[in-house]
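The following exercises concern strand pairing, pockets and single residues. Please work through each task with the sequence and the model at hand before reading its solution.

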Amino acid sequence: MIGDYRLLRLAAGVGLCAGLMLSGCGAPAPAPVVAPAAAPARPPEVKKQALPTVKFVDVTRESGVRFVHSNGALGEKLLPETMGSGVAFLDYDGDGDQDLFFVNSSAWPGHEVTPAATQALYRNDGKGRFEDVTAQAGLAQTFYGMGVAVGDYDNDGDPDLYVTAIGGGRLFQNDGKGRFVDVTQAAHAKGPNGWLTGAAFLDYDNDGDLDLFIGNYITWTREIDKAQGFQLTGIGRAYGPPTSFNGSFCTLLRNDGGAFTDQSETAGIQVRTPDLKVAVGKSLGVAPFDVDGDGLVDIAVANDTVQNFLFHNLGGGKFEEIAMVSGVAFDQSGSPRGGMGVDWACFLNDDRLGLAVGNFANEMTALYVCDQPRSLQFSDLANLYGLGAPTQPPLKFGLFFFDYDLDGRLDLLSANGHLEPEISKVQSSEHYEQPVQLFWNTGKAGRTLFTQVTAESAGPDLFQPVVGRGCAYADIDGDGDLDVVVTVNNGAARLFRNDGGNRNHWLRLELKGTGKGSNRDALGAKVELKAGDLTCRRQLFTSKSYLSAVEHPLTFGLADRDQAEEIVITWPTGKTQTLKNIKAGRVVRVDEK
């Protein structure tokens with residue numbers, strides 16, 4: 001038995017990709033070596049830009065958030081215990097403030113405790129102070145939860161919740177009166193009886209209601225896990241790698257007017273090995289995006305120790321999995337990595353599109369970049385843009401792009417933490433608790449594009465080591481800048497207030513579809529904002545990161561510009577709507593016309 005946890009995870013990955021490599025995927029063939037005529041000139045010195053002085057302050061206790069994740073661990077080292085859970089921001093009561101929903105796990109059957117761990121909902125008073133309303137909202141429910149998606153699936157104007165779990169998912173319908181009702185059975189929304197992970201609401205067929213995509217991790221039971229005998233040398237029983245378990249199929253549920261129909265097989269999202277016998281996927285993070293701009297939502301899936309997925313929406317209810325031919329399946333050597341969190345962004349405010357994937361320890365964060373998104377051809381340019389060496393040591397889980405200093409450029413944050421509590425005893429360079437990483441976008445394409453932020457400029461709170469898992473962002477106190485929440489495996493969540501981001505100007509857009517042509521949440525809407533020489537492009541999706549969902553409003557940093565001269569919204573129907581000369585410092589609600 002291999003003792004090192006990282007080696008356990010990687011052992012099966014290299015062999016898998018050797019049989020799946022296609023032309024154009026992996027490292028290019030080496031060019032002939034030609035002696036240079038003269039020594040190359042030394043590149044010019046790059047002047048470092050001063051990091052913004054924006055502090056993230058831990059306000060967890062003063063905000064009233066008391067959530068503690070419970071993983072039910074009893075010393076058996078069952079893999080679900082170390083995978084953590086997600087978190088979501090949503091305005092569940094329609095008062096304009098961002099509330100907080102935490103996914104919780106539970107004790108294992110036969111080992112129940114009192115009081116039992118439950119899911120948790122916190123209502124925001126608008127100033128960043130939260131009240132636990134779990135019981136009155138009907139969410140004091142106990143099951144082994146993993147991830148969460150937020151979406152108005154019934155088009156009644158209220159955000160509903162889908163919570164993934166071991167054994168199936170739960171759909172909670174918002175009744176508009178402050179309560180959530182479990183309608184899983186009535187809506188046929190349970191999904192497979194597996195280990196469900198990331199999930200996303202999206203309108204893949206553009207019929208005006210929200211469908212549901214669900215990630216599925218591995219084929220797992222407690223009995224299978226206990227029988228494996230995973231060991232760390234000199235330590236004993238360890239959490240096993242996903243390479244020792246069979247894969248599982250993702251699920252696609254089509255919304256047929258409030259009840260769902262499983263379209264997984266007919267839609268083409270059940271990915272099998274070449275012999276068509278075994279499921280390939282070991283899915284965690286899920287992020288929808290219309291990659292090629294054809295008006296149809298595509299889906300990126302971060303897989304753990306096997307190829308990532310990119311489901312290209314062909315229309316007519318069909319998808320084609322194209323990750324290998326598009327260059328987002330593997331690392332640069334053609335090997336799979338341990339994909340966790342995932343997010344999309346036009347991070348250079350031009351035509352380029354980036355897909356970031358947080359990976360396992362000693363694997364750098366991937367930044368797959370496409371210069372011309374219509375081509376669907378990506379290259380991993382993490383090293384080129386400054387995300388290579390700094391992101392390699394930690395084990396990355398939650399990950400998202402956001403503009404934390406409101407300068408008009410999207411920055412990157414990842415929540416980190418190892419799987420094995422005893423890892424430092426066998427790998428001195430690794431630690432169970434790890435600090436968050438924050439990268440500021442300088443706007444200067446090249447190796448200094450993403451510059452790592454330190455406690456000196458952002459304060460020490462954000463970087464206190466934790467066993468980070470899910471993470472999300474929202475403006476919790478109505479001051480325009482974006483605050484951050486991080487879940488901690490088997491520990492207390494952390495809420496960080498952004499102090500100083502709003503020294504720059506900003507605009508926030510709350511988009512609402514008609515519920516007939518476009519879904520009420522307007523998920524899939526595209527926005528192009530122009531303010532002076534600044535052009536920002538966004539697409540509205542809330543599912544991203546690791547098993548998590550960010551707030552619904554879109555926040556645009558304007559730096560020193562005091563207005564946006566033009567905002568063009570392309571609704572999911574394809575219709576456009578233009579706003580002119582919108583002053584900064586406002587939340588603007590835009591209803592589809």
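F439 stands opposite Q452 in β27. The model is predicted, so that local features need pLDDT of at least 70 and side-chain atom pairs count only at pLDDT 80 or more, while totals for chains, interfaces and linings use all residues. Residues are numbered from 1 along each chain as its sequence is written, and side-chain values use heavy atoms, with hydrogens and water left out.

**Exercise 1. Place the F439 pair in its sheet, and state which strands stand at the edges.**

Step 1. Strands are DSSP runs (E, at least two residues) numbered from the N terminus, and two of them pair if DSSP finds at least two bridges between them. Strand β26 (residues 437-441) is antiparallel to β27, and three bridges join them.

Step 2. The open sheet has four strands in the order β24-β25-β26-β27, paired in the antiparallel sense. β24 (396-402) and β27 (450-452) are the edge strands; each has a single partner strand, so one side of each lacks a neighbour in the sheet.

Step 3. From one strand to the next the twist averages 20°. Such angles are taken between N-to-C directions, from 0 to 180 degrees, with axes as lines fitted to C-alpha atoms.

**Exercise 2. Determine which strands pair with β30, and through how many bridges.**

Step 1. Strand β1 (residues 55-58) pairs with β30 (residues 494-499) over four bridges in the antiparallel sense. Within this pairing, R497 in β30 stands opposite V57.

Step 2. Strand β29 (residues 483-488) also runs antiparallel to β30, joined by three bridges. Here R494 in β30 is the bridge partner of V486.

Step 3. β29 and β30 make a hairpin with five residues between them, and N490 in the turn has a positive phi of about 55°.

**Exercise 3. Describe the largest pocket and the second largest pocket by volume and lining.**

Step 1. On a 1 Å grid over the protein atoms alone, a pocket is an open set of points where a 1.4 Å probe fits, with protein on both sides within 12 Å along at least five of seven lines; lining residues have an atom within 4 Å of a point. A volume is the space filled by probe spheres set on the points.

Step 2. The largest pocket holds about 590 Å³ of space. Its lining has 35 residues, and D91, G96, Q98, E510 and K512 are the closest to its centre. β31 gives the most to this lining, with four residues.

Step 3. By class, the lining of the largest pocket has eleven nonpolar, ten polar and 14 charged residues. In this scheme Asp, Glu, Lys and Arg count as charged, Ala, Val, Leu, Ile, Met, Phe, Trp, Tyr, Cys and Pro as nonpolar, and the others, Gly among them, as polar.

Step 4. The second largest pocket has a volume of about 470 Å³. Of its 21 lining residues, G293, C346, K526, R537 and Q539 lie nearest its centre. The lining comprises seven nonpolar, four polar and ten charged residues.

**Exercise 4. Decide whether Q119 is buried or exposed.**

Step 1. Q119 lies in the loop between β3 (99-102) and β4 (120-124).

Step 2. Buried means under 20% relative accessible area, exposed over 50%, and partly exposed in between (1.4 Å probe, protein chains only). Q119 counts as buried because its relative accessibility is 1%.

Step 3. The side chain of Q119 reaches the backbone nitrogen of N104 at 2.8 Å.

Notes
Polar contact = N/O pair within 3.5 Å; in protein donor to acceptor, adjacent residues only side chain to side chain.
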